[in-house]
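Student: Please examine a single part of this model closely. I should like one connected account that sets this part within its chain.

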Amino acid sequence: MLCEENERINPAIILAEELMRKTNAGGFYFDDIERTKIVLNESRREIETVNRQFEAFEKLPASPSRIVPKGF
Amino acid sequence: MSALLGKPALNSAFFYGSDKNLNFGERLTRATDYLEFKTRIGNAAKACETIERIVSESRKFELYKKYFPEKWKNSRASFSRRGFYFNYSERANEFFTLVNEHLFPLFDGWNEDEETDFEEFSIFSLNIDFCCTEIEYEYISLAYSAGLLLFTNNEEIWEFFEQKYNVRRKNLPEINDSAHKNLWRDKRTASSDPLLNLLEIIDHTTGNPWFDTSGCCEYGETYRWDERTINLLSDSFREAKRMLDEMDEMDVLIKNDPEKWLKRLIVFWNEGVLPDE
C-alpha cells in the first residue's frame, strides 16, 4: 500500500521554504498568500492520509516472513 | 483568503524592507530564524505552522500600516526577533502595543501573559460579573450601586446608602419587582438616556461588547485580526468610555444629593417616566 503512494515532497514544505526566503529578502506578493490556502488544504489532506495509513498499518496482525531482511 | 486580507490592489505586495536597508543585527536574526526553520523543514506539519505564522504576521503588518502609517514608516522593530509576546515578532508586538494605547485595551486581564496567543483574542469586560464576584459597594461606582439596588432591592445596598450617605429608606418609594414596561419602549431623551444606559450596563444588555461580555467564569466571544473587528472594538470602546464618563457625572450628582437621586431612579424604574426636576 505504501509502495503504491506517489513519492513527493509535501507542498507545504516547498511553500514554507519559498515564503521564508522571500520574507528574508524583503517581502512577498499577494499571489503568494493566495496560494497558501490551496497548499495548506492539500498538505493537510496528505498528512491525514499518512496518519490514516499508519493507523491501519498498526492494526495489521504480525505475520512471519519467509525471507529475513538483511541486518536481522 | 482574499476576504481575510481585504481586496488586494493590483500591485499588492507585502514588502517589509529590503535586505540592503537592514542592520547587521536584523540580518543576523533573519538568518538564524531561517536556519532554525531549516532544521525542522522536513516535517510537513511544522511547515504548515510556519506558513500560518508568516501569513498571520503579514496580516498584522498590513493592519499596522493601515492604522498607524507614520509609526510604521519610522519603526525599527524587528520582523524576525520575538517580542515580549513571544509567539510574535517585535514588529507585531509593536502593533499590539499601539492598538492597546490608541484603539482599545488589548492587554488587560488574561492578555497580560507573555504566552498569550492573539490569533483569536478575547477582550476583558469593563463591567462587573455577578456570578462569582463578591461586590464591595464602596469600591464601585455610586451610580452602579444605585442601579443595582433597582434590580435586586438588596438589603446590603440599602445599608450601604444608609450608613455611608445617610439615606433614609422611609423617605423613598418601594421598588417594584420589575421595571415599568414602557421604560425601554419610550423614546430616549437627553435626561432618560444616561439612566437607561446605566440600567443596560448592569443588565449586560447594552449591545456594546465592552459591557456585555462576560469575563468571569468563561471566555467571551473571540475576535480575529481584520479591519471590521478593529473598527468595531475601537468604536465600541470609545462609546463605552463615554458611557463610563456619564456614570462618573451621575456619581457626583448622587453624592451631592443621594436621596433625591435615588428617588428619581426609583420613580423612573417604577413608572417609566422621569419625575420633574
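**One helix and its setting in chain B**

Tutor: In chain B, among contacts (heavy atoms within 4.5 Å) between residues at least 6 apart in sequence, 66% join residues at least 24 apart. The model is predicted, so local features need pLDDT of at least 70 and side-chain atom pairs count only at pLDDT 80 or more, whereas totals for chains, interfaces and linings use all residues. Residues are numbered from 1 along each chain as its sequence is written, chains are lettered from A and ligands numbered from 1 in the order in which they are written, and side-chain values use heavy atoms, with hydrogens and water left out.

Chain B contains 11 helices and three strands (DSSP runs numbered from the N terminus: H or I of at least four residues for helices, E of at least two for strands). Along the sequence they follow the order α-β-α-α-α-α-β-α-α-α-α-β-α-α. Of its 277 residues, 46% count as buried (under 20% relative accessible area with a 1.4 Å probe, protein chains only; exposed is over 50%, partly exposed in between).

The part to examine is helix α8 of chain B, residues 192-203. Its 12 residues reach 16 Å from the first C-alpha to the last, close to the 16 Å expected at 1.5 Å a residue, where the expected span is 1.5 Å times one less than the number of residues. α8(B) is mostly covered, with 11 of its 12 residues buried. Among them are Leu195(B), Leu196(B), Leu198(B), Leu199(B), Ile201(B) and Ile202(B), and the buried set also includes Asp193(B), Asn197(B) and Glu200(B). These buried residues pack against α6 (142-152), α9 (209-212), α10 (227-256) and α11 (258-271) of chain B. Just after α8(B), His204(B) adopts a positive phi of about 60°.

One of these partners, α10(B), also packs against α3(B), residues 44-67, at an angle of about 50° with the axes 11 Å apart. The two helices are therefore oblique to each other, that is, outside the ranges under 35 degrees (roughly parallel), over 145 (roughly antiparallel) and 65 to 115 (roughly perpendicular). Leu63(B), Lys66(B) and Tyr67(B) of α3(B) meet Glu227(B), Ile230(B) and Asn231(B) of α10(B).

Elsewhere in the chain, Gln163(B) lies in helix α7(B), residues 155-165. At 68% relative accessibility, Gln163(B) counts as exposed. Its C-alpha atom is separated by 34 Å from that of Asn208(B), 45 residues away along the chain.

Technical notes:
Axes fitted to C-alpha atoms, helices over the stretch in contact; angles between N-to-C directions.
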